[in-house]
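Me: I am new to this structure. Please show me how to read it, feature by feature.

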Amino acid sequence: MLAESLFVMLGTLSVIGALGMLIARNPVSSALWLILTLFCVAGLYLTLSAEFIAVVQVLVYAGAIMVLFLFVIMLLNLGTMPTMKGVGWKKAVGFVLCVVVLTQLVLIGATGLDLLPATEVVDVANAGSATTIAKSLFTRYALAFEVIGILLLVATIGAVMLAKRRFA
Amino acid sequence: MDLAGAYEGILFDVAGGFTLLLLMTAGVVCIVWDIFSNDDPVLPVLAAMTCVVAAGWEVRGLDAGSSTAFYDLIRAYGLTSYINITLLISALVSIVLSVPYLNRIRRGYGEVYALILFATAGAVMLASANSLVTVFVGLETMSIALYILVGLVRQGGGGIESALKYFLLGAFSTGFFLYGIALLYGATGTMILPDLAAGFEARGSMMLLFWAGVALFLVGFLFKVSAVPFHMWTPDVYQGAPTPLTGYMSTASKAAAFAALILVLYYGLGDLAATKWQTALAVVALVTMVGGNIFALVQNNVKRMLAYSSVAHAGYVLVALVAGTGEGYAGAAYYLLIYSFMNLGAFGVMALLEWDQKEGSEQTIDSLSGVGLRKPILGVVMTVFMFSLIGFPPFGGFFGKIAVFAPAIEAGFTWLVIVGVLASALSGYYYLRVLYVFWMRPQSWSAPQVQAHKFPVPSLSAAVLVACAVVLTVIGFVPVVRDLPMVYFDVAFTGGTP
């Protein structure tokens, strides 16, 4: 029960964050909304007992990648976008109602045609621990892991070559 | 899992993944070598030798039945060897043709050859995929290396434009692809291709998830092989990239993506309500053949024309996949081999003709007037490539077209094949126009102009192009090349595991 209410809470928050990112007029506040979404998704991973992925999500996305985003936004010195003043509250309410009705229609259609996947409970007690992931990463997926190393090397070479080479 | 036992298993598998491991190692060696001896002329030789050694290793595996290695991540031997040889030939020819071209435009960097090796490693991984993870990692390794190679010629705008376009659209299609993989995994609970169908059936009631996953997955593939609704990037990217590397892109990346598609369709989706993806692929094949040929008709730049023609050829290969039979898949593998020779050759000739420092983006049909008379070797080999691309009888392209169209007729897609044959008749116009310009339109130049347009043809490049032309001339008369892939899909021989 706790897990369910947590899921509903985090899910709603992450959707709100995503909407906020789209609606925000200032690129920096967009980025901050995105951080909210990323944190909530990390929380969702936690409710699935995927601790490792949750930590990595916070470290990599909410940490490193967001910092890069913010740097780029500030370096590019983007202006704010036109405000939403022109959209009246009637239109806004109408839009929300439309979305609600559309969601219901899609849900009814999907259940009626038996398109929705059945709910299933997966045993995830130990699935997300770093030990489990490391074990399969270095045995079952060892080859893919090594090739990803090559992929990153290629990306680094490319970045250095395209940006730094003196083209005579 | 017992770790010690796991590593013993991996050690045992090294033979199966030898080509992949060799290519990666050689690429790293190239990069490290380049640090100590910048742009060493030995590097292309090293890269070419690697391809030769790997191809020699793969020839050993041609007769062996297929097996899996590295915990079912990749396949080895059999069909995989066949495709890998295609990829390695493509890499080898591209390396040899790149050396004089890149040196002339002063881009003969050591990194380029390492990147070609890495791209080939990605292609090999993609073409030997037995798991959705492998498909994705291979595809990305190949693509990222290609994005960089496309952007190699930076001044003039064309290179940057094409690299950026390729990168953005490629990243976008990767998104589709990855989402498709996620949905497929959710619907089947497995990443291993041969287990997909069973996993789907065991879970039941996952229709929407599964077919949405298949659709997104196919979109990713169709982008990589530039099938028609997803082909927009092709002409610009092919035009802006360094020409020998365009040849590499249009052959190796396409052959690898098609090989992976064959594996996915044959192992993953083969037993499932085949009609669903067959109809979708049939429609895509139809518009790809018609669209590619019609767009090619109106091109004035030969590289753009060849780009659209490669779109059309992707359509021919798709016809073979639509058939969904062993002969169809075998025909597609055979066609990819022949197509590689034709396209590498055609782009190779175009690379050698960029003598006046004009990049391919500026080369029009008119600037090539009478080239065949001044450079008979290039003229003759171009004639072979063009006739082969049309599918004219004594040349390889003809036998390739039989191999892709015949299975489709047997599977009941006669209408598709009729359209295909009509479309390839249409292609005769723009291929023959090149030959007309090469041979029959004399260049009315004064003596000093002729002097100014003298350019050398490096003997090694000429030798490689002649070799491609000779192969295309005789390959149709060596039935073993055509029959080999058939064996891999012959259930009696392999017990269902090519």
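Reply: Begin with a rule for helices: the expected span is 1.5 Å times one less than the number of residues. Keep in mind that this is a predicted model.

Me: How does helix H13 of chain B compare with its expected span?

Reply: H13(B) covers residues 302–323, which is 22 residues. At 1.5 Å a residue it should span 32 Å, and its end C-alpha atoms are 32 Å apart, so the two agree.

Me: Is H13(B) mostly covered or mostly open?

Reply: Buried means under 20% relative accessible area. In H13(B), 22 of its 22 residues are buried, so defined. Across chain B, 61% of the 498 residues count as buried.

Me: What sits at the two ends of H13(B)?

Reply: Asn301(B) caps the N-terminal end: a side-chain oxygen lies 2.7 Å from the backbone nitrogen of Lys303(B). After the helix comes Gly324(B), with a positive phi near 70°.

Me: How many helices and strands does chain B have?

Reply: Chain B has 22 helices and two strands. Its radius of gyration is 22 Å, close to the 23 Å from the globule rule for 498 residues, so chain B is as compact as a globular protein of that length. Its C-alpha atoms fill a box of roughly 75 × 60 × 40 Å along the principal axes.

Me: How many cavities of 30 Å³ or more does a search find?

Reply: A cavity is space where a 1.4 Å probe fits but cannot get out. The search of the whole structure finds one of 30 Å³ or more. The largest cavity holds about 90 Å³. Its lining has 16 residues; Gly16(B) and Glu58(B) are among the closest to its centre. By type, the lining divides into seven nonpolar, seven polar and two charged residues.

Technical notes: Residues numbered from 1 in each chain as written. Chains lettered and ligands numbered in written order. Predicted model: local features only at pLDDT ≥ 70, side-chain atom pairs only at ≥ 80, totals over all residues. Heavy atoms only, no water. 1 Å grid on protein atoms, 1.4 Å probe; cavity = no way out; pocket = protein on both sides within 12 Å on 5 of 7 lines; lining within 4 Å. Points joined across faces, edges and corners; volume = space filled by probe spheres on them. Nonpolar A, V, L, I, M, F, W, Y, C, P; charged D, E, K, R; others polar. Helix = DSSP H or I, 4+ residues; strand = E, 2+ residues; numbered from the N terminus. Buried < 20%, exposed > 50% of the residue type's maximum accessible area, 1.4 Å probe, protein only. Polar contact = N/O pair within 3.5 Å; in protein donor to acceptor, adjacent residues only side chain to side chain. Rg over C-alpha atoms; globule rule 2.2 N^0.38 Å.
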